[in-house]
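Student: Take me through the salt bridges, please. I'd like to know where the partners sit along the chain and how buried they are.

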Amino acid sequence: MSEQTQDPAAGALPRDVVIVGAGMAGVQTAVALREQGFTGTVTLIGAEPHQPYDRPPLSKAVLLGKAEDSAFDVDFEALDITLRLGLDVTGLRAADHELDTPEGPVAYDALVLATGAEPVVLPGSEGVPGVHLLRTLDDAARLRPVLDRQHDVVVVGAGWIGAEFATAARAAGCAVTVVEAADRPLAGTMPAEVAAPMAAWYAESGAELLTGARVARVEPGAVHLADGRVVPAGAVVVGIGARPATGWLAGSGIALGPDGSVTADSSLRTSLPDVHAVGDCASFPSARYGTRLLVHHWDNALQGPRTVAAALADGVARTYDPVPYFWSEQFGRFVQYAGHHAGADTLLWRGDPADASWTVCWLRGGVLVAVLAVSRPRDLAQGRRLVEAGARIDPVKAADSSVPLKSAALPE
């Protein structure tokens with residue numbers, strides 16, 4: 001991640017940097033520019049009217065009323081960062097180095113795209129009373145009274161966000177039914193043998209998990225399934241995924257992938273000069289894993305901006321090739337993941353998945369490429385370092401949960 005090369009596309013260093021998107025990736029880019037000594041103007045544009053805020057607490061403390069908001073502890077004025085909030089960016093005209101907004105064009109020397117991702121909407125649910133998404137501070141504000149009134153809640157989607165919301169709803173005393181079209185939770189991200197034990201967590205918490213259950217339609221007060229079942233629903237929360245918020249870039253010349261992501265290069269530069277992309281809206285090629293990665297997680301929105309800010313400050317491009325990392329708090333468990341397990345040829349268990357804590361390790365050619373730790377933070381910390389080092393490990397030692405994971409590393 002630290003490899004540096006002189007950027008052949010770099011001319012004079014930019015004087016004016018404009019960042020579109022005021023979430024974690026956008027804020028971190030702005031702050032990192034100042035930390036790197038950039039002295040030009042920095043403008044941060046956000047579509048929402050709120051002070052920039054962090055998203056993970058929305059499904060936890062903010063949702064449960066334990067915090068009013070999750071605003072970043074950043075003194076933008078002291079850092080001489082101009083905030084333009086409540087402003088939609090509708091287009092990009094690269095030839096003019098300008099953005100289109102309802103308040104007129106915004107010029108830039110260098111542009112950073114940090115527009116994040118937008119939730120996938122359940123077809124046919126738009127405009128139906130009582131149907132909610134959970135992506136923004138306003139979404140959380142609308143859902144708090146739902147939990148306060150202890151409605152019967154139906155969650156559509158048993159992914160990470162669905163599990164976190166179900167956890168919060170149960171903590172608030174709601175009756176919760178989670179409806180998942182696949183045959184298991186986390187079907188899009190975890191193999192069946194790893195996801196299977198997680199299904200039991202729902203029942204332990206008092207939530208009902210219905211798998212293989214496709215939604216036919218949603219009506220006020222009820223979710224109708226394709227097999228004819230009707231699930232009462234005082235409120236419906238949809239968590240069926242997110243896609244890069246890049247629709248506004250149509251016709252701009254910015255290359256997008258089939259998944260809608262900005263296809264950045266190994267230094268997070270886009271197909272247009274003077275334009276970088278960071279966070280949930282951008283994919284990047286990983287030499288470590290031999291594939292292009294689209295990482296919709298907090299750590300990526302923290303790390304990528306540092307790479308881009310450093311390049312904008314001194315004109316030297318850095319290679320961005322991190323070990324992806326994320327965590328989730330659900331059903332009384334702290335779940336952490338580091339790496340990328342697609343392409344792994346060996347799966348090892350550390351501990352019994354029926355227990356409260358356990359770990360899974362993935363190997364490719366004897367090299368540790370990913371680790372999932374359930375309430376075993378030491379395994380995660382040690383495993384993450386081994387993945388970053390590209391370490392070969394002894395599978396027998398790695399599978400022994402009484403042996404520290406770092407001790408399973410083979411000598412180079």
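Tutor: Let's fix one term before we look: a residue is buried under 20% relative accessible area, exposed over 50% and partly exposed in between, using a 1.4 Å probe and protein chains only. What you're looking at is a predicted model, where local features need pLDDT of at least 70 and side-chain atom pairs count only at pLDDT 80 or more, while totals for chains, interfaces and linings use all residues. Residues are numbered from 1 along each chain as its sequence is written, and side-chain values use heavy atoms, with hydrogens and water left out.

Now the bridges. Searching the whole structure turns up 19 of them, each one a side-chain nitrogen of Lys or Arg within 4 Å of a carboxyl oxygen of Asp or Glu.

Start with R217 and E219, whose side chains come together at 2.9 Å, N to O. R217 has a relative accessible area of 42%, so it is partly exposed. E219 lands in that class too, because its value is 33%.

Next, go to R350 and D379, where the closest N and O atoms are 3.1 Å apart. This one ties together distant parts of the chain: R350 belongs to strand β26 (residues 346-350) and D379 to helix α6 (residues 377-389), 29 residues apart. Those labels are DSSP runs numbered from the N terminus, with helices (H or I) of at least four residues and strands (E) of at least two. Both partners are tucked away: R350 counts as buried because its relative accessibility is 0%, and D379 is buried too, at 4%.

Some bridges also share partners, and that joins R93, D96, E98 and D100 into one network.

Finally, look at R135 and D280, whose side chains form a salt bridge at 3.1 Å, N to O. Here 145 residues separate the partners, with R135 in the loop between β10 (131-132) and α2 (137-148), and D280 in the loop between β20 (275-277) and β21. R135 is partly exposed because its relative accessible area is 21%. D280, at 12%, counts as buried.

If you're wondering about covalent links as well, there are zero disulfides, meaning pairs of cysteine sulfur atoms within 2.5 Å. C174 is buried, at 0% relative accessibility, and C361 is buried with a value of 0%.
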